[in-house]
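Q: I'm new to this one and would like to get my bearings. Please take a close look at the spot where helices cross, and then tell me what surrounds it.

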Amino acid sequence: MASAPRTARDFARIELTRTILECARGQLAEVGPGELSLRAVARELGMASSAVYRYFPSRDHLITALLIQCFDEMGAAVEAADAAVPRNRCRRRWLAMAAASREWAGVNFHEYALLYGSPVPGYSAPADTVVPAQRVPQVLLSLMADAEDAKLELGAPRLKVPRAVRTSMAPISELLGGRVGDERLIRALLAWPTLIGQISLELFGHLHGGVLDYDAHFTHLMERVADDLGLT
């Protein structure tokens with residue numbers, strides 16, 4: 001059954017929602033997510049506060065919309081980078097997704113800080129944010145499944161994964177249909193915080209004066225992670 005055609009009101013609502021979110025992203029750069037204000041957004045747009053509240057009933061609703069938008073943007077960038085590489089080039093795919101994550105974060109610093117920085121005081125993310133937040137790690141997990149199918153050998157050493165750890169990873173293993181072995185899965189769960197942690201250290205200034213060439217340092221670390229994952 002075909003959906004009903006959109007009306008002029010529908011398009012106006014979509015456009016105004018986009019404008020409000022764009023303004024809110026500007027506030028992220030100016031005052032940070034903790035001081036995000038619907039009233040300030042309304043003032044900047046020359047609107048009545050009540051009009052903005054019809055689109056976003058509270059600050060938390062606005063933050064949730066920003067999280068979803070930014071997770072989706074980062075996810076789309078990483079998915080596109082991965083899709084541009086042939087499926088059997090697993091190492092190149094990892095390096096491409098890592099580079100795309102870092103590039104998006106560098107261009108969208110304040111949005112990245114919202115996603116992976118300090119929690120916003122008084123805000124608890126609802127379930128609506130879960131699927132968008134999974135887009136980037138899902139690219140990594142799909143890559144691990146392809147590497148397992150290709151029987152790529154993991155780097156040394158191989159250590160036994162304790163039963164308690166295997167049990168704790170069960171939801172992820174089930175999500176992948178059991179296609180990825182315990183050892184590769186635990187290494188993927190090491191690779192993910194290495195990627196996000198390295199980007200965060202760089203962008204939040206924690207490498208200043210300690211690392212002189214961020215590009216070379218990041219690339220080398222990601223190459224070493226690829227070795228550990230057996231992405232040859």
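A: What follows starts with the whole chain, goes to the crossing helices, and ends with some single residues.

This is a predicted model, so local features need a pLDDT of at least 70 and side-chain atom pairs a pLDDT of 80 or more, while totals for chains, interfaces and linings use all residues. Numbering starts from 1 along each chain as its sequence is written, and side-chain values use heavy atoms, with hydrogens and water left out.

The protein has 12 helices and 0 strands (helices are DSSP runs of H or I with at least four residues, strands are E runs with at least two, numbered from the N terminus). Read from the N terminus, the order of elements is α-α-α-α-α-α-α-α-α-α-α-α. Along the principal axes, the C-alpha atoms of the protein fill a box of roughly 60 × 60 × 35 Å. Of its 232 residues, 38% count as buried (buried is under 20% relative accessible area, exposed is over 50%, and partly exposed is in between, with a 1.4 Å probe and protein chains only). Among contacts in the protein with a separation of 6 or more, 73% come from residues 24 or more positions apart (a contact is heavy atoms within 4.5 Å).

Now for the crossing. In general, two packed helices are described by the angle between their axes and the distance between the axes. Helix H5 covers residues 90-107 and helix H6 covers residues 109-116; their axes come within 5 Å and cross at roughly 115°. (Axes are lines fitted to C-alpha atoms, for helices over the stretch in contact, and angles run from 0 to 180 degrees between N-to-C directions.) H5 and H6 are therefore roughly perpendicular to each other (that word covers 65 to 115 degrees, with under 35 roughly parallel, over 145 roughly antiparallel, and the rest oblique). On the H5 side you'll find Trp104, Ala105, Gly106 and Val107, which meet Phe109, Glu111, Tyr112 and Leu115 of H6.

H6 has another partner: helix H4 (residues 59-83) packs with H6 at an angle of about 110°, with the axes 10 Å apart. So H4 and H6 are also roughly perpendicular to each other. H4 brings Ile63, Leu66, Leu67, Cys70, Phe71 and Met74 to this contact, while H6 offers Glu111, Tyr112, Leu114, Leu115 and Tyr116. Compare the two lists for H6: Glu111, Tyr112 and Leu115 turn up both where H6 meets H5 and where H6 meets H4.

What sits in the loop between H4 and H5? Val85 does. Val85 is buried, at a relative accessible area of 7%. Leaving out residues up to four places away in sequence, Val85 touches Arg92, Arg93 and Ala96. A bit further along the chain comes Met97, 12 residues from Val85, and the C-alpha atoms of the two are separated by 9.9 Å.

H5 numbering also covers Arg102, which is in contact with Glu202, as are Leu207 and Tyr214, once neighbours within four places in sequence are set aside. Glu202 belongs to helix H11 (residues 182-203) and is buried, with a relative accessible area of 14%. Another glutamate in helix H11 is Glu183, and Glu183 counts as buried at 11% relative accessibility. Not counting residues up to four places away, Glu183 touches Leu154, Pro157, Arg158, Leu159 and Val161.

Follow Pro157 and you land in the loop between helix H8 (135-149) and helix H9 (163-168). There, a cis peptide bond joins Ala156 and Pro157, with omega about -5°. Lys151 has its place in the loop between H8 and H9 too. Lys151 isn't a glycine, yet its phi is positive, about 55°. Unlike the buried glutamates, Lys151 is exposed, with a relative accessible area of 68%.

One last stop is Val52, in helix H3 (residues 49-55). Val52 is buried, with a relative accessible area of 0%. Its contacts, with neighbours within four places left aside, are Ile20, Leu38, Ala42 and Met47. Asp227 is 175 residues from Val52 along the chain, and their C-alpha atoms are separated by 50 Å.
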